[in-house]
Amino acid sequence: MGKLTMTRRTFAKMAAATAAAVGVAAPASSALAETKTGTTGAGEVKRIRSTCRGCGKMECGVWVYVQDGKVIRSEGDEAAFQSMGNHCSKGQASLQAAYHPDRLKYPMKRTNPKDSNDPGWQRITWDEAMETIGEKFSELQSKYGNETYFSMAGTSRIWSMGPYAALKQCFVSPNAIQANEICKGPRFYATKLNDYNAYSWMETVGRPRVYVQWGGASELSNYDDSCRTTVDVATRADYHILVDPRQTNLGKEADIWLPLRPGTDAAMGLGWINVVINKGLYDDLYVRKWMNAPMLVVEDEDWEPSVSDSQSTHGSKKNRLLKQSDIKEGGSNTAFMVLNELNGELTYYESNGKSVASSVTDASAADLNLSSSSSSGKLPHWEGEDWKPATAGREAQIHGLDLTGQSQGFVIDATPFIDGLYPALYTPEGGLEVTLKDGKKVHCRTVWEHLCDRVAEYTPEKVAEITGCKAEDIERAATIYATRLDPSTGYGNGGIQYMLPLEHSCNSLQTNRIMDILCGITGNMDTPGGMRGSTAGWPFFDLAMTLPSAASVKGSPDQSKIIGSDKFPMLADPKCNPSWADATSIYKTIETGQPYKLSCGIGQTGDHMNQSNSLYAYEQLKKLDFWVSIDLWETPTVGIADIVLPAAHWMELDCIRKSQGSSGSFGATCKAVEPPAEAEPDLKIVMRIFKAMGQPYCEGSTDDEKWPIDDAENACNNIALAGFRIPEWQDYKKAFQENGPWDSKIEKPEAWGTYRRYETGWATTSDSPAAVQAVMDHPQGWDTSTGKQEIWSTVIDNYYPDDDQAIPTFREAPHGPVADPDLFKDDNSFLATTGRRIPVYFHNEHRQLPWCRELWPVPRIEMNPEDAERIGVEQGDWVWIETKEHKIREVVDLYHGIAPGVVNLEHQWWFPELKQADKGFALCGVNCLLDKDAQDPFIGTSNLRAYGVKVYKATAENSPFGNPVPCGDDGTEIIHDSSDPRLKAWAPDYEGRTKA
Amino acid sequence: MSHPAIVTDLNKCVGCLACSVACKAFNGVPIGSFWNKTLRIGPYPTAEGSGHFPDVYTYFLTVQCQHCADPECVKVCPTGASHIAADGTVQIDKSKCIGCQFCAMSCPYGVRYLNDEERVVEKCTLCEQKTAQGELPQCVTQCGGFARFFGDLDEGIESFRGPYNKTLGELIGEDGDYPIKPFKDSDVHHLPDVGNHPSFRYILRNHEWKGEE
Amino acid sequence: MELQWPLILFTTLTAWGCGVLGGAGALALKGAGKKSQQLLAIVSCVLLALGGIAVFFHLQHWERIFNGFGHITSGITQELIAIVVFVAVAVAYFVVARKSDDGGTLPKGMAWVAIAISVILAAVCAHSYMMPARPAWDSVLEVLSIVGAACLLGPATCAIVLAAKGEETGECGLPAVAGSAIGAVCTAAYAAFVQLSAGAFSQVGYYFDPTHPTKAVADAAATVGAQAPLLWLGAVAVGAVVPLVCCVMARKKGDAASWKLFGGVAVVAALIGAVCLRVAFYNVGLSVFMFY
């Protein structure tokens, strides 16, 4: 198959996959350029340069040491500028996962009913597994329809992320429960609505001079950015601002800490915008030129919103913005009107062009015809503008790059408007009167004025009242953030590292839109240390996605049939959807059979504990006719599977790796050791599933061409490298071994090495395949209906025209103290938050790794000592945490860094040491407490934080087995101390890897 | 006699625990036993604050054998198993250890333990197998916060080296080009000294050091 | 720290052995207990040997003890030397007694040497625990508490032996009463020291050790306070006052039967007290930096 064809196909498929984080995996032979590093006693020690996958995201460069064919340790690689030689605790513990005695090593089928405590796993062959899979899914789909299948996605602990895209194609079903629904997905989708998918990534390695950590702690998570980078950035920054309900590990050093009440981030964000606008600290030129701020909103309620047929990802949307077509017969409905401040006349920005990047990302354009995209006509432009990519600029002035040696990059100077144009942010008193084409007069005000109206309610004093922070601190933080420390650089102080908590209080979409707007108005989009989106590199799209390069022979998933769209219509948008079916709707559908029966599916490290109510989820999953799990372990979710398939660990496979975020590097994960027994890289497993379902994975006519299972890693890596100067995987790997990761700023100067790419036409096209980039158009601006960063969301306006939501707002969490005060009436009532990062774990992973568990044996509840004294509990006590749904236990940690009245719970604990199918997830699992119906109103994201709980001491009298320590069904205590001898039984098993 | 030691910049230590696992991976420390630990100190109300949340501060204290200049453990050892090595570190010759554990009792910091399998006392060796070859201890090279530096206390802590083979002194400066912020002599602390003269140092700027020195 | 039972037994038995030889010496000074002197020397060595067996369970590599053993600053080395000297003295004591005409007469010099080595061994054993790292141990009163235990246990034991041998027990009164009085004072003094030691520990306020999340915060004051029953009820009341009262009673009555009864109670009570004191001793044996 020709490279270009393959690339184009891959590209199109990829686009169809929407913008979830994914990638391409591939290893075959392990011809490594191994570096010899002397000997230590026994055999020779080799060191293999690689990229860690101990967490769900960050690409820390590492060295894996192998002696006598065994991995003996791994260390950080200082040549990896993106991670600075960092290798976190869980990353270093990876070898204990690779060699864990409890690893799944063979395909297995269950022999006991699903309510049994023991699944009765029985080893089967890969052939039997695949035959059963092919038969069962085909049978159920022919009976109930394609959509009866759904996938469940984790975060690719193993490798691939099939459920986000490939498995949807394989089974021709849009249905998938995806972890990104509650992690990054809302941020990605918010930016997809506002500007471009995934511009929620801040270029932390660009070392912003004001470092704002908002609800995150990458120093502990080590995903998004490495600990070492995070601490380095914070230390070098002139100011470090922390917005977080609790004092975080790095936040202890913050210059300003805004300890807001959980769930009030949106109010805080609006408060910052209020300060920025009132103090005139916004980037006037950027706001007018690159945001839809000056566009005109028709105020008259009886006016019927008109459609704009955008070529962008947004597609055709009805909205209240005034278009040329509204005032002129034959006018363009993608020419958005603005008032020219210089002459008081209306003018426009035409957001469609002869071709735009997004037009080729249309899923239907599977057979992309590149030549036809160069039709006549202009690229998007202001009236009278003959737009050309900006070229003037200068080298960035990022401090502190000397240690890592990364390059500065080139900052395009902000370009002025063409002569005679300066779009107004404000209309005359009472609004601008405009005559429509039918002669009717309407009044218009700018989007900016609407934003001003919205934030006017959120004065620092008002925000102080809502959030519990001090008004002067709020004002000071916003002022420091938005006041340029060095105006001579021509760019702002940096972006905002806004994280998960903003997604978890039932206002996820709007809160993240607020953050995106805040970064926009302060001029921190695509600037050094600003919001930059996903790195352009090789592969062109994120990490190891399983991306079939062949088209489906069974048709495409019908997005309109996605579960959950009755409640959340945006889920069914043909192009601009968040890509998931919300978890609660899926589980409810299993229960009710409405609107159709869900009967079967595949989980690829997917688990039921990360969103919706875990107990409800588990009960529903048990009812499925057929479930397959691909995993490393017998997790609680694996415990209800019919067939389980053993996956390889990151030390056991070959895969190109690119920064998922804005770190700007790409390298590789290189196989250090063979997988144990019959475990396989899950890319290969996904390919097997395609084969079982009769869907080609690669183009070709023979089975070996369609499903190159034995060469899966190699083949896919070669696809990913198409267009790079080192196009062959084996050569690439060798170069990586010698030199370490590549700097995307150097390798992709236009797509990544240039800042302010909205000025060059690369802001939205940088992550296209190289071959496509070479011939495609690069339009200015952003990938939205208006071509501008959308303060006024045309998509939300389309779906919720009467809800006043086009400008984002704040909404109280449904079970917080304001919306549900009854939950907060007695001494034992607390407002619960959760999800804080635990350095030795990645969410629920690594509970069975001794080096991790001994450093963090049990889940803890952080409580202010004043509260603890009041309710009579002490450090180390087990307490019950109760909602009307369930009660769990965690251990009290007296923590002055959390406000009285608030508790911080750890999330998603389960206990691999328990000999039972559900692994005790209900003992301490925080999401068992959730109201499954509390969801974000637009995209269904679960309410994971900011709800009321009761907390009281666990005693022998009120605990099962008379034991405050949580116990399994047989009364066995969970491991709760580093001295527990069971930890030693989990030490690496170097012998048990050969096939038995 | 030199005094090899580690200095930890507590303003940069974030309790990521990478040093703990690094030590395990490199030194084969038994599961359940520790050569180093990172304790959380606080959060405690700050002296100048309201006495309540949110006027609190936390720091993370990395504790291991302090390789004292005048080690009690060496004094009490009946066999000379615990000794000051030629490089100035405190080491245990396991072949001489009778497992009496008086050294463990005499250590002010509790960092020694009996290895149940070998039935001898163990503790941090400062990765002598690495430092003998001019390399840095594993807990220094793998420190997540870039907060740890190794060197000879007699040469002054600014001569200590960390990742990227940089000395602490080279990295100190006020502005963004420097990842280590300046500190005063009074910002440099050590664990409680009961006559053993611990060699390790801790830099803590702007906040109260808890516990005696 | 955790209770070190082998060491608790070793220390108690050693103190007992010291007390017996010392008590024998005291009787010898007055020419008393002639029939029992040889036996007392043997008893003291037997107690020491039992202590040695106990300590065997503490040392992990007993076989290496002769392999480079002898670092002189070590308390264990000093103890071993003192034990060797003690045994030598006890043997000499036995031989001298045996060679005397009545098989129980000892020169005053020998008697004083026996008393001296007994005090020295008890003190040396106790001194091993005087460590700056453990504030509740680091006092000369700790040393005196072991010497005191020897005083409480030894003379009373001697009196029982004499009574059992059918000897005149009149001369037992003074050493036993004086010994138990000294022991009571020493025990009480060390108990008081322990109770006042809470302030000597490093305090860091709130802290957390990730490896033991279910443990309560280390609290020296609470730990020390919690020892009050063991110290005052166990070590002082039962372990010192009861023996003292018994010895006074026995001395008043003066007969062998009384010594058998009261002496027996005194020794058992003193043993209980000694063990209570050692248990409390380990309970408060926190290091100055007690958070690791």
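In the predicted model, the accessible surface of chain C comes to about 10900 Å², and 73% of this surface belongs to carbon and sulfur atoms. Of the 292 residues that make up chain C, 57% count as buried. The secondary structure of this chain comes to nine helices and one strand, and, read from the N terminus on, the elements follow the order α-α-α-α-α-α-β-α-α-α. The radius of gyration of chain C is 20 Å, which is close to the 19 Å given by the globule rule for 292 residues, so chain C is as compact as a globular protein of that length. Along its principal axes, the C-alpha trace of chain C spans about 70 × 45 × 25 Å. Among the contacts in chain C with a separation of 6 or more, 81% are accounted for by residues 24 or more positions apart. Chain C carries 15 positive and 13 negative charges, and the mean positions of these two sets are 9 Å apart.

Chain B was examined in the same terms. Its secondary structure comes to six helices and ten strands. For chain B the radius of gyration is 17 Å, close to the 17 Å that the globule rule gives for 213 residues, so this chain, too, is as compact as a globular protein of its length. The C-alpha trace of chain B spans about 50 × 40 × 30 Å along its principal axes, and 69% of the 213 residues of the chain count as buried. The accessible surface of chain B comes to about 6700 Å², with 48% of it belonging to carbon and sulfur atoms. Of the contacts in chain B between residues at least 6 apart in sequence, 53% join residues that are at least 24 apart. Chain B has 19 positive and 27 negative side chains, and the centres of the two sets lie 5 Å apart.

Chains C and B also meet each other, in a contact that takes 41 residues from chain C and 47 residues from chain B. Between them the two chains bury about 3600 Å², of which 62% is on carbon and sulfur atoms. On the side of chain C, the residues that lose the most area to chain B are Gln60(C), Phe289(C) and Tyr292(C), which together account for 22% of what that side buries.

In chain A, two local features were considered. Helix α21, which covers residues 712-720 of chain A, is mostly covered, since nine of its nine residues are buried. Charged, polar and apolar names can be found in the list: the buried residues of α21(A) are Ala712(A), Glu713(A), Asn714(A), Ala715(A), Cys716(A), Asn717(A), Asn718(A), Ile719(A) and Ala720(A).

The second feature is Leu923(A), which has its place in helix α28, residues 921-924 of chain A. Because residues under 20% relative accessible area are taken as buried, Leu923(A), at 16% relative accessibility, counts as buried. When its neighbours within four places in sequence are left aside, Leu923(A) is in contact with Ile888(A), Arg889(A), Phe911(A), Leu914(A), Pro966(A), Cys967(A) and Ile974(A). The C-alpha atoms of Leu923(A) and Gly968(A), two residues that are 45 residues apart along the chain, are separated by 8.3 Å.

Technical notes:
Residues are numbered from 1 along each chain as its sequence is written. Chains are lettered from A and ligands numbered from 1 in the order in which they are written. This is a predicted model: local features need pLDDT of at least 70, side-chain atom pairs count only at pLDDT 80 or more; totals for chains, interfaces and linings use all residues. Side-chain values use heavy atoms; hydrogens and water are left out. Helices (H or I, at least four residues) and strands (E, at least two) are DSSP runs, numbered from the N terminus. The radius of gyration is taken over C-alpha atoms; the globule rule is 2.2 Å times the number of residues to the power 0.38. Buried means under 20% relative accessible area, exposed over 50%, partly exposed in between (1.4 Å probe, protein chains only). Contact means heavy atoms within 4.5 Å. Accessible areas come from the Shrake-Rupley method with a 1.4 Å probe; for residues, only the protein chains shown count as cover. Lys and Arg count as positive and Asp and Glu as negative; His and the chain ends are not counted. The place of a charge is taken as NZ of Lys, CZ of Arg, CG of Asp or CD of Glu. Buried area is the accessible area (1.4 Å probe) that two parts lose on being put together, summed over both.
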